[in-house]
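Open your viewer and get ready to click along. We will make a few stops, selecting residues as we go.

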Amino acid sequence: MLLLVVGFDVGFSMIMSSGLGVIFKTERIVDGSIIPLTMISYVDSYALVQIPLFILAGELMNRGGLTQRLIDWAASLVGRLRGSLGHVSILTNFVMAGVSGSAVADAVATGKPLIPAMKKAGYDEGYAGAVIAAGALLGPIIPPSIPMVVYAQIASQSVVKLFMAGVMPGLLLATGFMVICTLVANKRKYPRAEATSLKKQVQATGRAGWALMMPIIIVGGIRFGLMTDTEAAAVAALYALAVSLFIYDDFKLGFLPQVLASTGRSSAQILFLLAAAGPFSWLVAESQINKTIVELISSVSTNPVVVLLTINALLLIVGCVIEPLPAMVIFVPTLLPLGAQLGIDPIQFGAVIVLNLMIGLLHPPIGLLLFIVSSVGRVPIGAVMRESIPFLVWSIIVLILTIIFPSITTWLPSQVH
């Protein structure tokens, strides 16, 4: 924490503090080579190949014209509703969430065209930013999900089952967000577009058909055992490249170096953070800090629901000051033994933690999505924060529901063999 306050990056802070822990550990002599060895072991996993591949698929989708066609398709379906551009934002992000697994990528891709369009149509600028941020929140919840992959690596759980665990919470979030858009639009008398004829809806669906097939291929292929999650990531990247190059013709080979460089930077940030968690997690286990935390929380209650509510209250506070992935690699290794001791399903535990920490993306004061949409749409950050409150409240309600009713996150994974 001191290194973070001084200004070090989260990854370097974890590595340096772990190094100090090894140097000054007095219980037994520890070889300093444990630092690089645990860093390597934490990212030496075949499953992690899907992180750069899903990021690449999202980048290709955004640059290849697939996103714009999805926006046009969504507008043809919900354009007749009052405040239709808000619904378009949620629906587009819902479909895109089935491809990239990244909230940031989705916020940029949909925010660039839709925030200016909403402002021009007379929507409050803060609301325009908030609805894009809320829609982008679906990215890490609905499969595929990069945070779910990271949790699976830390907790040694099935990536496929964790993907499936996010489906029902994602549907609940999207449904609630659409209801909020309806209520706000009716109250403020936002405009509605002309109803689109069935013929034009069919035409828009046809133009967006290749983009709409992408999440179906990925999720369906994983669900029915036609491909592994890592193979699905490769298929997604190749599919996005083929459609962008040969069907939509909006992507040129000259764009590829820039797309690959952007993918490399994003992947490196995530994987370095995960590598830094290796020595930190080893030191936590070696020092038996997790045992102390388990005893402390267990002294409050041994009821799994009460314990989960306590943990999530803590993580919601953490999410106000630490970004989701760093918070995950810091806290998950210490909390996993507690869940195991109380018999909490590790898939439910993972889904709840990921959902909780992703809510931090929408949570003031440092919610990353709030700042991204503010920058992309040139909207005052204060206005975005105010308008995001209803979406934030509904997200917390969904989180509580997933804690009280475990079947929301465990039923679908139980169908996967």
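**Stop one: a pair of rings**

Select Phe54: with a relative accessibility of 1%, this residue counts as buried, a word that here means under 20% relative accessible area (1.4 Å probe, protein chains only). Before going on, note that this is a predicted model, where local features need pLDDT of at least 70, side-chain atom pairs count only at pLDDT 80 or more, and totals for chains, interfaces and linings use all residues. Residues are numbered from 1 along each chain as its sequence is written, and side-chain values use heavy atoms, leaving out hydrogens and water.

Now add Phe163, also buried at 1%. Rings of Phe, Tyr and Trp (its six-membered ring) pair if their centres lie within 6.5 Å, and by this rule there are eight aromatic pairs. The centres of Phe54 and Phe163 are 6.5 Å apart and their planes are at 65°, so this pair is edge-to-face (planes over 60 degrees apart). Phe54 sits in helix 4 (residues 50–63) and Phe163 in helix 10 (residues 159–165), so the pair ties together parts 109 residues apart in sequence. Helices here are DSSP runs (H or I, at least four residues), numbered from the N terminus.

**Stop two: tyrosines**

Select Tyr123 and Tyr127. How are their rings arranged? They are stacked (planes under 30 degrees apart), with 6.3 Å from centre to centre and 10° between the planes. Tyr123 is buried at 5% relative accessible area, and Tyr127 is buried at 1%. Add Tyr190 to see the cluster that ring pairs make of Tyr123, Tyr127 and Tyr190.

Key
Helix = DSSP H or I, 4+ residues; strand = E, 2+ residues; numbered from the N terminus. Buried < 20%, exposed > 50% of the residue type's maximum accessible area, 1.4 Å probe, protein only.
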